[in-house]
Amino acid sequence: MNLLSTDRELTRNSFYAASVRREQAFPPLRDEVSCDVAIVGGGLAGLSAAIELSERGFKVVLLEAREVGWGASGRNGGQAIHGLACEQSTIEAQLGLEASRAVWGMTLEALDIIKQRCQQHQIDCDWQDGYLGLAINARKATALQDWAEQMASRYDYPLRWLGPADLPAYIKSPRFHSGVYDPRSGHLHPLKYSLGLARAAAGLGVQMFEQSAVTRIERGASNTVHTDHGRVKARQVLLAGNVYLQDLAPALAERIMPVGTYIVCTEPLAPGVMQQLIPSRAAVCDTNFVLDYFRPTADDRLLYGGRVSYSTVTPPNLAQSMRDRMRKSFPQLEDVTLEYSWGGFVDITMNRAPDFGRLDQRSGRSEDAGIYYLQGFSGHGLALTGLAGRLVAEAIAGDAGRFDTFARLAHHRFPGGRWLRTPALVLGMAYYRLRDML
Ligand SMILES: Cc1cc2nc3c(=O)[nH]c(=O)nc-3n(C[C@H](O)[C@H](O)[C@H](O)COP(=O)(O)OP(=O)(O)OC[C@H]3O[C@@H](n4cnc5c(N)ncnc54)[C@H](O)[C@@H]3O)c2cc1C
């Protein structure tokens, strides 16, 4: 199944697409060009790498199958949060405490990268400080508090603890018991950010092509990247195509699983109402395995995400079931109109740690040398993609130390092969959902 074509319907009714005008279109590739690095994918990972590489003097060509920001990068919840999708303990278990601390520090650098890029390239994407991680009951609150204590003592990252009495100053919802607040994380309009990065990359001299799906990569002394109507000769190639790459790099596809996640967005709320829901205006996530995530938009809508699908089929009655979820958090919104609903795929890995590396190490084929990849953000890529782009640029420029910290992480393939891995994953996730409910 080609997700590049089946995924189209999911983008149709997006608040982001409706609230942004694409002022800059890039032409399709029509002939042959050459460069140092060809990047496949115009999402945040590819765009970030393009900026970092061209800042280091490389000649870069970026090829995007649809439009820049068309994938997860232009449709996500907009939450830029510290850390990775997995716990730091997963990293500690594999790399030890010192390297895990270095990784944590890099995830904070990822937040700084967003702010620096917005300033440097004058990207107005509605940045708002603040993130709330919330527990829905006392048992989960204890686990969250333990985690926060670990983060303070082992990672020197104290988070503000909010007990039941503190919570209403940040969020007024009957669903939540207590939580943590992080002023350094925050949220933004991800499509505005993606388009701002595309403008910055083009301004730095990156040759950008849209409607230019890469169909194959011919290996040799240099690589030739083919699209339907053109080709790029490149010394090195970066694959940043998320779940859509599939047959282009089967050795990578089996390390990630496309999981659908969905978002609805209300009409603008009446003046003063948002202050009664989320006075802190923070991005919010609960701590469930299949989590709800939501935030105010700059024009006072509530953007509410949650629900997952493991089959790549959009769940039936999506808007209604999302409304039910939203109502549990905010019964005050009983009658509000949902103006938009959309979704997209996240690239989850088995252990939810990101998966960066070199293709030859995964495929075992020496002819894949010189091909790098970034994937496996596992639903936590808004900030991390910025860092990933920086690390791969460092590696291509000859300093692979930080990139290799991530490349050393071991990942397992999803069990069940191409056809049976979905049922296997559904079973696995059912277990975690049950754990959330209990
Ligand atoms: C609904 C949703 C909500 C999310 N919410 C959050 C959130 O709140 N916070 C957070 O941190 N993360 C969130 N994420 C995850 C985050 O959006 C992603 O981790 C991140 O955007 C991944 O960026 P990317 O560049 O790797 O992939 P993408 O943005 O998907 O970009 C990949 C691009 O590659 C192109 N491509 C693929 N194959 C080819 C090819 N053969 N030739 C040319 N181009 C190709 C695609 O068209 C696509 O544009 C969410 C994701 C979704 C879907």
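What share of the 438 residues in the protein chain is buried? Buried residues make up 58% of them. The model is predicted, and every value below is computed from it.

**Overall form**

The protein chain contains 14 helices and 17 strands. A compact globule of 438 residues would have a radius of gyration near 22 Å, and the 21 Å of the protein chain agrees with that. The C-alpha trace spans about 65 × 45 × 45 Å along its principal axes. Of the contacts with a separation of 6 or more, 75% join residues 24 or more positions apart.

The accessible surface of the protein chain is about 17,900 Å², and carbon and sulfur atoms hold 50% of it. As for charge, there are 47 positive and 46 negative side chains. The centres of these two sets lie 3 Å apart.

**Helix α10**

Helix α10 covers residues 318-329, which is 12 residues. From its first C-alpha to its last it reaches 17 Å, close to the 16 Å expected at 1.5 Å a residue. Its buried residues are Leu318, Ser321, Met322, Arg323, Met326 and Ser329. An α-helix has 3.6 residues a turn, so residues three or four places apart point the same way. The buried residues of α10 pack against four strands, namely β11 (257-266), β13 (293-296), β14 (302-309) and β15 (338-348).

**Loop residues**

Most residues other than glycine have a negative phi. Two loop residues with a positive phi are listed here.

| Residue | Phi | Loop |
|---|---|---|
| Asn242 | about 55° | between β10 (231-239) and α8 (250-253) |
| Arg352 | about 65° | between β15 and β16 (355-358) |

Neither Asn242 nor Arg352 is a glycine. Asn242 counts as buried because its relative accessibility is 18%, and buried means under 20%. Strand β15, which packs against the buried residues of α10, also borders the loop that holds Arg352.

Is Arg12 buried or exposed? With 70% relative accessibility, Arg12 counts as exposed, since the cut-off for that class is over 50%. Arg12 is found in the loop between α1 (3-6) and α2 (15-18). How far apart in space are Arg12 and Gly343? The C-alpha atoms of Arg12 and Gly343 are 9.3 Å apart, while 331 residues separate the two in sequence.

How values were computed:
Residues are numbered from 1 along each chain as its sequence is written. This is a predicted model: local features need pLDDT of at least 70, side-chain atom pairs count only at pLDDT 80 or more; totals for chains, interfaces and linings use all residues. Side-chain values use heavy atoms; hydrogens and water are left out. Helices (H or I, at least four residues) and strands (E, at least two) are DSSP runs, numbered from the N terminus. The expected span of a helix is 1.5 Å times one less than its number of residues. Buried means under 20% relative accessible area, exposed over 50%, partly exposed in between (1.4 Å probe, protein chains only). Contact means heavy atoms within 4.5 Å. The radius of gyration is taken over C-alpha atoms; the globule rule is 2.2 Å times the number of residues to the power 0.38. Accessible areas come from the Shrake-Rupley method with a 1.4 Å probe; for residues, only the protein chains shown count as cover. Lys and Arg count as positive and Asp and Glu as negative; His and the chain ends are not counted. The place of a charge is taken as NZ of Lys, CZ of Arg, CG of Asp or CD of Glu.
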